[in-house]
Amino acid sequence: MVESSVQSDADDNNQQVPSVDIISGTVEAEPHTNGSEDHEEEISGCGAQYCCNPNWGPFRFIALFFMCFLGFGSYFCFDTPGSLQDYIKDEMKVDTVAFASLYSLYSWPNVVLCFIGGFLIDSIGGESLAVAQNTYTVSWFKGKELNTVFGLQLSMARVGSTVNFLSMVPLYEWVQTFSEGYQALGYSLLFAGITCVFSLGCALILGVLDNKRSKVLHLDAAQSGEKIKLSDILTFPASFWLISIICVAYYVAIFPFIGLAKVFFMRKYDLDATTANSVSSVVYLISAIASPILGNLVDRTGRNVTWVFMAVLITLGCHAMLTFTFWSPFISMSILGLAYSLLASALWPMVALIIPEHQLGTAYGIMQSVQNLGLAVISIVAGLIVDTSGYMMLEMFYMIWLCIALVATIAIALVDSGGDGYLLMSAATRKRDFPHPPADAKLNEAFDDKL
C-alpha cells in the first residue's frame, strides 16, 4: 500500500495520525496506540464475526439497505394527497389552491429544519432525514460507487411513492366499507402514516451501524479536525449555488406536477381515478428500476454536468408532449421517469465533488432548504393557476422553470470550464489527474507531496 501522511497538530498529544491510501482514495488512521486489544473489544460485543464487523467488506452494503429504506415512509406519506386528490377535495370541500397548500405546509418547516439539520450534522451529528441520508451516503461511499448508491437510494424511496399511488385508492375504497366521509379519509391517512414507523426502525439500526463503524475504524481520528462555521457558507463556490438553482427549478416541475396530475389526466385523457393514479405512478416506477442503472452509468462515465443538461432537456420535452399532444400519457411519463432518475443520479453527487466533507451536511441542508422554499411557494402558485387559468397554463409555467434549469446548467459548465473542469471530466480523467475531488484539497496536497 502506497501511503502519505497528512500532517496533524495532534502529534504532540500522541493522537492517531491519518494517512492517505493513494490507490484506493481512502483516509485511514494509523494503528491504534493501545494495540489490537481495543479493536477486538469494539467488535466483540455483537457476537457475530462478519455482519457486525465494519472491517468485513460487505458491511457497508448492510448499511446501504437501511439507507435506502430510510426515506420509504416519508415518500409514501408525501405522495398520499396526490393519490387521493379528488377525494380530499370532495370530502374537505376545498379548491385546488387549498389542496396544493397541503404540500406547501409540508415544505415550509423544512426550509428551516433542513438547514439546521445539515449544520448540526457537520457540528455534532444531529440529523434531518433527507440531509442525513445524503450525508450518510457520502460518508460511506465517497470515492467508490457514489452515483450508483444515490441512484439506488432514489430507487427505493420511489418504491414508496409507487406503492402509494397503486394502493391508496383501493385502500380508501376498502375503508369506505366500514366507514364513510371524512372518517374514511382519516383512517386511510392513518394507515399511510404507519409506514413512517418502518423508516424509523431503519434510522435507528443505521445509527447503530454508523456508530459501530466510527468506533471500530477510528474514523474520528482520521478526520482533518476542521469544523464547520456559518461563515463558511460564504466560501461555497459558484457551482454550488447554481446546483441549488437547478434543484429548485427542476423539482418544482416534478413534485407539484405529480401532486396535481391525477385530475389533469382524468380531464384531458378521460381516465378513471385508478388509471390516472397509475399514470402518475409511472414516473416513480420507472425511476425505481432505472435509478441504480443510470447511477452506475454516471459512475463509469463521469461528465455529471452533461448528464444533468440532457435530463433537463428531456424533461422539458416530456412536458411539451403532455401540453401540446394527445399521445398516451404513459409514453411521456415513462420518459420523464428516465430523465428524473438521470438528473438525481448526476446532480446530487456533484455537491460531494466541490464541497469539503466537513461541510457537506450544511451544503446538503442548504440545497434541501432552498428546494423546499421553492416547492412551498410554487405549490400554491400552481394551485392558483389551475383554478384561474387551467392545466395548459400550468404546464407552460413548469416549462419556464425547466428553461431556468437549463440556463443554470449551462452556467455551471462555463464556470467549471473556467476552473479545473472537474465536473465536466470523464471518470477516467478524474482518476488520472485527481486522486481525490478538488474539494479535498489537503488529500491532493498529500498526494502531490508524495510524488
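This report walks through some helices, cavities, turns and buried residues of one protein model. The model is predicted, so treat every value here as computed from that prediction.

**A helix with a bend**

Let's start with helix α8, which covers residues 146-175. Its 30 residues stretch 42 Å from the first C-alpha to the last, close to the 44 Å expected at 1.5 Å a residue. Where does α8 bend? Look at S167: the helix bends there by about 40°. A proline, P170, follows within four residues of that spot.

While you are on α8, find S161, which also lies in this helix. S161 counts as buried because its relative accessibility is 0%, and the cut-off for buried is under 20%. Now look for D79, which sits 82 residues away from S161 along the chain. In space, the C-alpha atoms of S161 and D79 are separated by 6.1 Å.

**Pairs separated along the chain**

S161 and D79 make a good warm-up for a few other pairs. Here they are side by side, with distances taken from C-alpha to C-alpha.

| Pair | Apart in sequence | Apart in space |
|---|---|---|
| S161 and D79 | 82 residues | 6.1 Å |
| Y87 and L185 | 98 residues | 7.9 Å |
| I335 and I286 | 49 residues | 8.4 Å |
| S188 and W174 | 14 residues | 9.3 Å |

Let's put some of these residues in their places. Y87 belongs to helix α5, residues 85-92. With a relative accessible area of 16%, Y87 is buried, because the limit for that word is under 20%. S188 is part of helix α9, which covers residues 181-193. It is buried too, at 0% relative accessibility. I335 sits in helix α16, residues 329-354. Is I335 buried or partly exposed? At 32% relative accessibility, I335 counts as partly exposed.

**A mostly covered helix**

Helix α2 runs over residues 59-68, and 7 of its 10 residues are buried. Which residues of α2 are buried? They are F59, R60, A63, L64, F66, M67 and C68. If you color those residues on the structure, keep one general idea in mind. An α-helix has 3.6 residues a turn, so residues three or four places apart point the same way.

**Two cavities**

Next, the empty spaces inside. Rolling a probe the size of a water molecule over the atoms shows where empty space is left. In this model, the count comes to 2 cavities of 30 Å³ or more.

The largest cavity holds about 40 Å³ of space. Its lining is made by F257, L260, A261, F264, Y391, L394, E395 and Y398. Helices α13 (255-269) and α18 (391-417) each supply at least two residues of that lining. What classes of residue line the largest cavity? There are 7 nonpolar residues, no polar ones and 1 charged residue.

The second largest cavity holds about 30 Å³. Around this space you will find F78, Y103, S107, F255, P256, L375 and S379. Helix α13 turns up here too: α6 (96-123), α13 and α17 (360-389) each give at least two lining residues. The class count for the second largest cavity is 5 nonpolar, 2 polar and no charged residues.

**Two residues with positive phi**

Most residues other than glycine have a negative phi, and most peptide bonds are trans. With that in mind, have a look at D270, which has a positive phi of about 55° although it is not a glycine. You will find D270 in the loop between α13 and α14 (273-301). D270 is exposed, because its relative accessible area of 68% lies over the 50% cut-off.

R303 also has a positive phi, near 55°, and it is not a glycine either. Its place is the loop between α14 and α15 (304-324). R303 counts as partly exposed, at 40% relative accessibility.

**Cysteines without disulfides**

Last stop: the cysteines. A disulfide is a covalent bond between the sulfur atoms of two cysteines. How many disulfides does a search of the whole structure find? The search finds 0. Two cysteines to look up are C247 and C318. C247 is buried, with a relative accessible area of 0%. C318 is buried as well, at 2% relative accessibility.

Note on methods: Residues numbered from 1 in each chain as written. Predicted model: local features only at pLDDT ≥ 70, side-chain atom pairs only at ≥ 80, totals over all residues. Heavy atoms only, no water. Disulfide = S-S within 2.5 Å. Buried < 20%, exposed > 50% of the residue type's maximum accessible area, 1.4 Å probe, protein only. Expected span 1.5 Å × (residues − 1). Bend = angle between axes of the 7 residues up to and from the residue. 1 Å grid on protein atoms, 1.4 Å probe; cavity = no way out; pocket = protein on both sides within 12 Å on 5 of 7 lines; lining within 4 Å. Points joined across faces, edges and corners; volume = space filled by probe spheres on them. Nonpolar A, V, L, I, M, F, W, Y, C, P; charged D, E, K, R; others polar.
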